[in-house]
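Dear colleague,

I am passing on the structure we spoke about, and below it you will find my notes on what turned up when I went through it. Please read them with the coordinates open beside you.

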Amino acid sequence: MTAGARTPAQDPSHLPVMWTQVLDGLCVRRDGIYLDGTFGRGGHARGVLERLGPTGRLLVMDKDPVAMASAAELVSQDARVAAFRGSFAELANWKETATGLDGVLFDLGVSSPQLDEPERGFSFRNDGRLDMRMDNESGESAAQWLARASEQDIADVLWTYGEEKLSRKIARTIVARRQDTPITRTAQLAELIASVVGRGDSKIHPATRSFQAIRIFINRELDDLEAGLAAAHERLKPGGRLAVISFHSLEDRIVKQFIARHAKAPPGNRRLPIEVSFTPTLREIGGAQRADSEELTRNPRARSAVLRVAEKLEVAKHRDVHLPPAQEHPR
Ligand SMILES: C[S@@+](CC[C@H](N)C(=O)[O-])C[C@H]1O[C@@H](n2cnc3c(N)ncnc32)[C@H](O)[C@@H]1O
């Protein structure tokens, strides 16, 4: 490793989630080519670099301009690294991935620096501009969307991506409130939601589900995840590993179903008496993994993390199945 690239053990201010399990799951080969689609501040990426030899290669992506500035620093320090700003949904369009990949990592959701910077607008705990875009140089901010969306659309987003039971009431209140005052600050939105939901005895803040829902919608997180998994599957070489860390059930369901779809034959349909051929292209490695108690004590944000790992299988191009001729049963 070159000077400047520090391991998480040396830099306690940044603790990547399930660091050891991710690196074990990726099974890094010294001469392999790996893609980290969610660079953040490069905690996991630096772990991959430590395991790569001089001919290994690390490709990193992120939507966030600040994360990519940090990636650019790593590129300038280490010739094995290349960076591309964009969504991992587009990873197959980056020509660096064309020769195939030995491993792909997606550590989903927002990073600690994004959450901790009030002006990025992800947090209901600190007041800031209501932005919520990972790529805050393109697309529509949360404030812009809330200023124009219909009551029905707002309710649908809160319900679909946040499973917020009071979605309709919150949407109605937002639409009524914005006629007098534009909703442009995180504290304004958090207070409005708290006034509808109430504090109750729940330990979680009343705005948690709605903030999660709006963030997922603004960043098209679930669409990107579906497209990113398909692109990673296409680019992985046989024996290559896919590792994905999810932070809520909507993400984890997509990852789990994607792996199952490529690893297990679909159940037969009794009404269709035909045989459907199925060739697995992935093998699931272990089941859902969670952070251990030591990590949870040190980093409470790891409590909802679920890691899934799968391996790309070699698929024969031609598979002639020769069935033996029917034989009479001996009597
Ligand atoms: C949880 S953090 C990753 C932290 C990183 N593993 C580390 O060790 O520093 C998630 C990062 O992924 C980025 N991100 C989320 N979805 C993305 C997507 N579809 N394409 C590219 N980057 C994405 C976010 O901007 C954020 O920087």
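**Around the first helix**

Just after H1, Cys 27 takes a positive phi of about 50°, and I start there although I should say at once that the model is a predicted one. Helix H1 itself, which covers residues 19–26, is mostly covered, with 6 of its 8 residues buried; these are Trp 19, Gln 21, Val 22, Leu 23, Gly 25 and Leu 26.

One of these residues, Gln 21, is also a contact of Glu 295, a residue found in helix H12 (residues 293–298). Leaving aside neighbours within four places in sequence, Glu 295 is in contact with Pro 16, Val 17, Met 18 and Ala 302 as well as Gln 21. Glu 295 is buried yet has no salt bridge, and the nearest side chain of opposite charge, that of Arg 298, is 4.7 Å away, whereas a salt bridge is counted within 4 Å.

**The chain as a whole**

The protein chain contains 12 helices and 7 strands, and its C-alpha trace spans about 85 × 60 × 40 Å along the principal axes. Of its 331 residues, 48% count as buried, and the accessible surface comes to about 17800 Å², of which 50% belongs to carbon and sulfur atoms. If one takes the contacts between residues at least 6 apart in sequence, 67% of them join residues at least 24 apart. As for charge, there are 47 positive and 45 negative side chains, and the centres of the two sets lie 3 Å apart.

**Salt bridges**

Side chains of opposite charge can pair when their charged atoms come close. The structure holds 24 salt bridges, and I describe some of them here.

The side chains of Arg 120 and Asp 64 meet in a salt bridge, at 2.9 Å from N to O. This pair links distant parts of the chain, 56 residues apart, since Arg 120 sits in the loop between H4 and H5 while Asp 64 sits in the loop between strand S2 (57–62) and helix H3 (65–77). Are these two partners buried or exposed? Arg 120 counts as buried because its relative accessibility is 8%, and Asp 64 is buried as well, with a relative accessible area of 1%.

Another salt bridge joins Arg 185 to Asp 127, where the closest N and O atoms are 3.3 Å apart. Arg 185 lies in the loop between helix H7 (167–178) and helix H8 (186–197) and Asp 127 in the loop between H4 and H5, so this pair ties together parts that are 58 residues apart in sequence. Arg 185 is partly exposed, with a relative accessible area of 29%, and Asp 127 is likewise partly exposed, at 39%. Both residues belong to a network of salt bridges that links them with Glu 119, Arg 129, Asp 131 and Arg 133.

Glu 140 forms a salt bridge with Arg 148, and here the closest N and O atoms are 2.6 Å apart. Glu 140 is partly exposed, with a relative accessible area of 28%, while Arg 148 is exposed, with a value of 54%.

**The loop between H4 and H5, and a second positive phi**

Ser 141 lies in the loop between helix H4 (112–116) and helix H5 (142–148), and Ser 141 is buried, with a relative accessible area of 7%. Not counting residues up to four places away in sequence, Ser 141 touches Leu 130, Asp 131, Arg 133 and Ile 218; of these contacts, Asp 131 and Arg 133 are members of the salt-bridge network already described.

The loop between H4 and H5 also holds Met 132, which has a positive phi of about 70° although it is not a glycine. Met 132 counts as buried because its relative accessibility is 0%. Glu 163, found in the loop between helix H6 (151–162) and H7, is not a glycine either and has a positive phi of about 50°; Glu 163 is partly exposed, with a relative accessible area of 42%.

**A nonpolar patch on the surface**

Finally, Leu 272, Ile 274 and Val 276 make a nonpolar surface patch of about 330 Å². Leu 272 has its place in the loop between helix H11 (249–263) and strand S6 (282–289).

With best regards

Definitions and conventions:
Residues numbered from 1 in each chain as written. Predicted model: local features only at pLDDT ≥ 70, side-chain atom pairs only at ≥ 80, totals over all residues. Heavy atoms only, no water. Patch = residues over 30% accessible without salt bridge, like charges linked within 9 Å, V, L, I, M, F, W, Y side chains within 5 Å. Areas by Shrake-Rupley, 256 points an atom, 1.4 Å probe, with all protein chains shown as cover. Helix = DSSP H or I, 4+ residues; strand = E, 2+ residues; numbered from the N terminus. Buried < 20%, exposed > 50% of the residue type's maximum accessible area, 1.4 Å probe, protein only. Contact = heavy atoms within 4.5 Å. Lys, Arg positive; Asp, Glu negative; His and termini not counted. Charge placed at Lys NZ, Arg CZ, Asp CG, Glu CD.
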